[in-house]
Amino acid sequence: MANALNWFEIPVTDFERAKGFYEKVLGVSIETMVMGPLTMGMLSSDPQAVGGAIVQGDGSSPSQTGTLVYLNGGDDLAPMLARAEQAGGSVVVPKTDIGNGFGFFAHFMDTEGNKVGLHSMT
């Protein structure tokens, strides 16, 4: 098993608002897909990498508690964290050194009420 995680979903209530938020934070264009009763915004669909999506539909309820997903913060998570605030989110835990060479992490609240993590090595 190469990765402990192979797919993740971030639940949203207002799909277009969440799509705009994550496009700004991640600096990417998010493809929308309707799959049965779900509307999904693909954050990564590379079959060779861990994939994930924002998801709107029955059973998708944003939460500040429960499982915490860490998105790749790139070379330095600070710019992405700043964009999260600019896009209407809020910083819960600022960029923090993990120590022992494990890099840095931060937490933010998105526009839907989810707590999401970022990780980078610098």
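The following questions and answers go through the sheets, helices, core and largest pocket of a predicted model.

Student: Which strands stand at the edges of the sheet with the order β5-β8-β7-β6?

Tutor: This sheet is open, has four strands and shows mixed pairing. A strand with a single partner has one side left without a neighbour in the sheet, so the ends of the order are where to look. The edge strands are β5 (70-72) and β6 (90-97).

Student: Which residue in β8 stands opposite L71?

Tutor: Strand β5 and strand β8 (residues 115-120) run parallel and are joined by three bridges. Opposite L71, in β8, stands L118.

Student: What angle does the direction of helix α1 make with that of β7?

Tutor: Helix α1 (residues 15-26) packs on this sheet, where it touches β5, β7 (104-109) and β8. The directions of α1 and β7 make an angle of about 155 degrees.

Student: Which helix lies across β5, β6, β7 and β8?

Tutor: The helix in question covers residues 77-86. Its direction runs at about 170 degrees to β6. This is helix α2.

Student: In the sheet with the order β1-β4-β3-β2, which strands have a single partner strand?

Tutor: This is an open sheet of four strands, again with mixed pairing. Strands at the edges have one side without a neighbour in the sheet because each pairs with a single strand. They are β1 and β2 (31-35).

Student: What is the bridge partner of I10 in β4?

Tutor: Strand β1 runs parallel to strand β4 (residues 51-56), and five bridges join the two. Within β4, I10 has as its bridge partner I54.

Student: Which element gives the largest share of the largest nonpolar core?

Tutor: This core has 22 residues, and those with the most contacts inside it are Y22, L43, I54, L71 and F108. Two or more residues come from each of β1 (7-11), α1, α2, β7 and β8. The largest share is six residues, and the element that gives it is α1.

Student: Which residues does L43 touch, leaving out those up to four places away in sequence?

Tutor: L43 is among the residues with the most contacts inside the largest nonpolar core. With the residues up to four places away left out, L43 touches F8, I10, Y22, L26, I30, G52, A53 and I54.

Student: Which element gives the largest share of the lining of the largest pocket?

Tutor: The pocket has a volume of about 290 Å³. Its lining includes L43, S44, Y70, L71 and N72. Two elements, β3 (38-44) and β5, give two or more residues to this lining. The largest share, three residues, comes from β5.

Methods: Residues numbered from 1 in each chain as written. Predicted model: local features only at pLDDT ≥ 70, side-chain atom pairs only at ≥ 80, totals over all residues. Heavy atoms only, no water. Pairing = 2+ DSSP bridges. Contact = heavy atoms within 4.5 Å. Axes fitted to C-alpha atoms, helices over the stretch in contact; angles between N-to-C directions. Core = buried A, V, L, I, M, F, W, Y, C linked by side-chain atoms within 4.5 Å. Buried < 20%, exposed > 50% of the residue type's maximum accessible area, 1.4 Å probe, protein only. 1 Å grid on protein atoms, 1.4 Å probe; cavity = no way out; pocket = protein on both sides within 12 Å on 5 of 7 lines; lining within 4 Å. Points joined across faces, edges and corners; volume = space filled by probe spheres on them.
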